[in-house]
Amino acid sequence: MATPDALLVIIRHAPHGSNWLREGLDAALVAAAFGQSVHLLFMGQGIMALLKEQGSGAPGQKATLPTIDMLEMYDIDKLWVTEGALQEMHLSADALVEGVTMIAEQEVPELLQQHAQILNF
């Protein structure tokens, strides 16, 4: 599932309302630019960043979908979403961008153990 030297970035915040999501994605991109293997786990409102159809935020806030689309260029190809987060947000997997893997809530502890470094945003 994961490589032990990979960095796991956990995204829990929605695209608008705070800078947490943007900072998490920036951290992932910087690490990947320096050759680190990076994986992303989206939980809670963080899955909103993966919606194909996103509304715009407050004036001055950048859209996150272009950044999500760039992840593959940085070899960030492991994007996980918990099934529970989808259910909580009343979304289907079809509403998300391509390349997302669904995992059950009970798989999260194992996923965390497979990563030596974890950043939580």
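What is the volume of the largest pocket? I looked this up first and found about 180 Å³. The model I worked from is a predicted one.

**Entry: the pocket lining**

I listed the residues around the largest pocket. Its lining consists of Ile68, Asp69, Leu71, Glu72, Ile76, Asp77, Leu79, Val97, Glu98 and Gly99. Sorted by character, the lining residues give 5 nonpolar, 4 charged and 1 polar.

**Entry: the chain as a whole**

I then turned to the overall plan. The protein chain holds 4 helices and 5 strands. Read from the N terminus, these elements follow the order β-α-β-α-β-α-β-α-β. The chain has 121 residues, and 41% of them are buried. I also checked contacts between residues at least 6 apart in sequence: of these, 75% join residues at least 24 apart. For the surface, I noted an exposed area of about 6700 Å², with 51% of it supplied by carbon and sulfur atoms.

**Entry: helix H1**

I next examined helix H1, which spans residues 20-33 and so has its 14 residues recorded here. From its first C-alpha to its last, H1 reaches 20 Å, close to the 20 Å expected at 1.5 Å a residue. Which residues of H1 are buried? I found Leu21, Arg22, Gly24, Leu25, Ala28, Leu29, Ala31 and Ala32. In an α-helix there are 3.6 residues a turn, so residues three or four places apart point the same way. I looked for what lies over the buried residues of H1, and the cover includes strand E1 (7-11), strand E2 (38-42) and helix H2 (65-70). After H1 comes Gly35, with a positive phi near 90°.

**Entry: Leu25**

I chose one residue of helix H1, Leu25, for a separate note. Is Leu25 buried or exposed? Its relative accessible area is 0%, so I recorded Leu25 as buried. Setting aside neighbours within four places in sequence, I found Leu25 in contact with Ile11, Leu40, Thr64, Thr67 and Ile68. Ile68 also appears in the lining of the largest pocket. I further noted Val9, which is 16 residues from Leu25 along the chain; their C-alpha atoms are separated by 8.1 Å.

**Entry: Thr82**

I located Thr82 in strand E3, which covers residues 78-82. Why does Thr82 count as buried? Its relative accessibility is 1%, and buried means under 20%. Leaving out residues up to four places away in sequence, Thr82 touches Leu41, Phe42, Met43, Ile103, Glu105 and Val108.

**Entry: two loop residues with positive phi**

I then looked at Asp75 and His90. Asp75 is not a glycine, yet its phi is positive, about 60°. Where is Asp75 found? I placed Asp75 in the loop between H2 and E3. With 64% relative accessibility, Asp75 counts as exposed.

His90 likewise is not a glycine and has a positive phi, of about 55°. I found His90 in the loop between helix H3 (83-88) and strand E4 (100-103). Its relative accessible area is 73%, so His90 is entered as exposed.

Methods. Residues numbered from 1 in each chain as written. Predicted model: local features only at pLDDT ≥ 70, side-chain atom pairs only at ≥ 80, totals over all residues. Heavy atoms only, no water. 1 Å grid on protein atoms, 1.4 Å probe; cavity = no way out; pocket = protein on both sides within 12 Å on 5 of 7 lines; lining within 4 Å. Points joined across faces, edges and corners; volume = space filled by probe spheres on them. Nonpolar A, V, L, I, M, F, W, Y, C, P; charged D, E, K, R; others polar. Buried < 20%, exposed > 50% of the residue type's maximum accessible area, 1.4 Å probe, protein only. Contact = heavy atoms within 4.5 Å. Areas by Shrake-Rupley, 256 points an atom, 1.4 Å probe, with all protein chains shown as cover.
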